[in-house]
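Here are a few short exercises to help you find your way around. Have a look at the structure first, then try each task before you read its solution.

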Amino acid sequence: MIEIHNIHKTFGDKKVLDGVSGVFETGKTNLLLGASGTGKSVLLKCIVGLIKPDIGSVTFDGTYFTNNKLDIRQEIRRKIGMLFQSSALFDSMTVEKNVEFPLKMLTPDMSKSERLDRVNFCLKRVGLEGANKKMPSELSGGMKKRVGIARAIAPNCTYLFCDEPNSGLDPLTALKIDKLIKEITEEYNITTIVVTHDMNSVIEIGDKIMFLYEGKKLWEGTRDDIMDTDIHELNEFIFANRLMRDAKKVEEREELEENERKSNQLK
Amino acid sequence: MLKHFGKYLLFMGSLVVRGESPRILFNRTIDEAILIGINSIMIVAIVSTFIGAVTCVQVSYNLTSALIPRSTIGFMVREMTILELAPTITSIVLAGKVGSNIAGGLGTMQITEQVDALEVMGINSASYLVLPKILASLFVFPMLVILAMFLSIAGGYVAGTATGALTAQEYITGIRDAFVPYNIVFALIKSVVFAFLISSLSSFRGYYTSGGALEVGAAGTTAVTNSVIAVLIADYVCAELLL
């Protein structure tokens with residue numbers, strides 16, 4: 001379980017986070033939902049310690065993290081797996097080396113054969129068996145995300161953080177990635193936090209959702225409650241998402257009709 | 001300016017605060033030494049050979065007096081090469097090649113969140129990525145400078161004898177004349193100082209890159225510019241202090 005308390009963060013004159021508090025439960029997929037620029041990624045980086053909050057604290061399973069001793073922070077960080085928006089795979093390493101890297105660094109007692117077994121297991125778990133020798137530049141966006149997940153879970157992480165795992169992916173691949181995150185969370189009983197602005201993710205995997213608006217937490221609840229809320233900003237966000245999805249559908253239908261017309265003309 | 005200097009000092013401090021295990025550091029340093037050293041041999045060889053050749057031709061052009069023995073050309077090529085040209089020009093060439101490579105590599109890692117990925121794993125990214133580059137440079141630069149010294153003198157020999165400016169015997173007499181072994185030590189000390197400046201400044205510029213591809217390019221350019229200026233200033237300081 002991760003608890004955040006009264007997180008504030010300002011960059012220059014811009015207040016990005018304004019007193020955000022909440023609890024992220026173990027074994028559940030916790031979503032940080034909000035439009036672009038509302039501070040979701042900054043909050044995630046504050047939680048993992050990549051950005052230091054101006055005020056506020058983060059606790060991992062009762063252990064204080066923010067401003068604690070370096071050794072304790074490092075110890076907690078070693079239990080964290082993170083999937084970045086850009087996947088952040090090491091370009092100079094193969095898929096196998098990327099997944100093996102945290103094992104090599106964090107578990108020096110592990111033998112090479114044990115490490116390779118674990119790498120193969122993780123790659124199989126994310127559906128990428130046989131991709132060991134590929135370089136990141138040879139992978140599609142979805143495959144990169146899968147390798148990122150495999151790297152995150154390789155050292156048996158207790159906390160999994162995903163920063164917009166669906167960005168840049170087609171709806172089908174996005175759905176597969178969402179489902180994979182959900183399955184892994186339940187299978188290993190880990191605490192997962194996913195940053196997203198995609199309502200599809202909310203419907204598919206959101207066990208618990210925290211809605212951020214202009215750096216503040218406006219709403220918190222489950223996916224069953226989200227449609228019944230009377231928070232104007234959240235309803236506006238849901239409506240905009242629906243409109244976007246409908247517009248996409250119209251666009252796809254028009255494209256299909258155009259293609260059919262062209263093929264008829266050719267006939 | 002002072003703010004940047006303070007940030008640079010803090011950055012250097014962060015390299016040693018919570019470093020990785022000696023085994024990892026050793027392996028990474030060897031990898032970096034191969035990257036920096038092997039990949040730079042060709043450019044150092046070409047530049048230093050021609051510098052030696054040009055020095056020989058220009059000295060012989062200026063030595064017109066019949067009272068000065070022709071072996072002086074060999075003597076001057078050796079002195080100029082060992083004291084200045086081999087360590088300084090080699091370092092300036094390496095500032096361009098190695099410095100931009102270090103800054104570009106680290107900058108790209110920074111903007112693609114690879115550095116963040118290391119930090120999240122609990123690894124001191126500065127120590128893991130930068131310290132091996134600095135150690136490898138300290139180890140490899142003096143070797144490249146020794147190679148440059150040898151090839152410069154050889155280049156002078158080829159140019160001098162091929163153009164008929166002096167005989168092989170005169171050149172060899174010249175390069176053996178009044179040899180001061182301390183000059184070699186001085187050149188090697190300079191190469192170590194230059195190696196530290198180039199690798200640390202380039203790493204600093206690359207590590208603190210933010211933004212996109214444009215900023216990575218800018219970081220590479222700034223790294224080279226800063227390194228060259230630092231090398232020239234350090235060259236003067238070393239000469240004042242050590243000669």
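**Exercise 1.** Is the crossing of H8(B) and H9(B) left-handed or right-handed? Work out how the two helices run relative to each other, too.

*Solution.* Keep in mind that this is a predicted model.
- Start with the handedness: H8(B) and H9(B) make a right-handed crossing.
- Next, the geometry: helix H8 (residues 182-207) of chain B packs against helix H9 (residues 213-242) of chain B at about 155°, and their axes are 9 Å apart.
- Angles over 145 degrees count as roughly antiparallel, so H8(B) is roughly antiparallel to H9(B).
- Now the residues: H8(B) brings, among them, B:Phe186, B:Ile189 and B:Val193, while those from H9(B) include B:Ala219, B:Ala223 and B:Cys238.
- The residues of this contact split into 14 nonpolar, five polar and three charged.

**Exercise 2.** Describe how H3(A) and H5(A) pack.

*Solution.*
- The axes of H3(A) and helix H5 (residues 141-153) of chain A come within 7 Å and cross at roughly 30°.
- Angles under 35 degrees count as roughly parallel, so H3(A) and H5(A) are roughly parallel.
- H3(A) passes H5(A) in a right-handed crossing.
- A:Val95, A:Asn98, A:Val99 and A:Pro102 of H3(A) meet A:Val147, A:Ala150 and A:Arg151 of H5(A).
- That contact has five nonpolar residues, one polar and one charged.

**Exercise 3.** How many residues does each chain give to the contact between chains A and B?

*Solution.*
- Chain A gives 16 residues and chain B gives twelve.
- On chain A's side, helix H2 (70-77), strand S6 (80-83) and helix H3 (95-106) each supply two or more.
- Chain A's side comprises twelve nonpolar, two polar and two charged residues.

Definitions and conventions
Residues are numbered from 1 along each chain as its sequence is written. Chains are lettered from A and ligands numbered from 1 in the order in which they are written. This is a predicted model: local features need pLDDT of at least 70, side-chain atom pairs count only at pLDDT 80 or more; totals for chains, interfaces and linings use all residues. Axes are lines fitted to C-alpha atoms, for helices over the stretch in contact, and angles run from 0 to 180 degrees between N-to-C directions. Helices (H or I, at least four residues) and strands (E, at least two) are DSSP runs, numbered from the N terminus. Angles under 35 degrees count as roughly parallel, over 145 as roughly antiparallel, 65 to 115 as roughly perpendicular and the rest as oblique. A crossing is left-handed if the near helix is turned anticlockwise from the far one by less than a right angle, and right-handed if clockwise. Two residues are in contact if their C-beta atoms, placed from the backbone, lie within 7 Å. Ala, Val, Leu, Ile, Met, Phe, Trp, Tyr, Cys and Pro count as nonpolar, Asp, Glu, Lys and Arg as charged, and the others, Gly among them, as polar.
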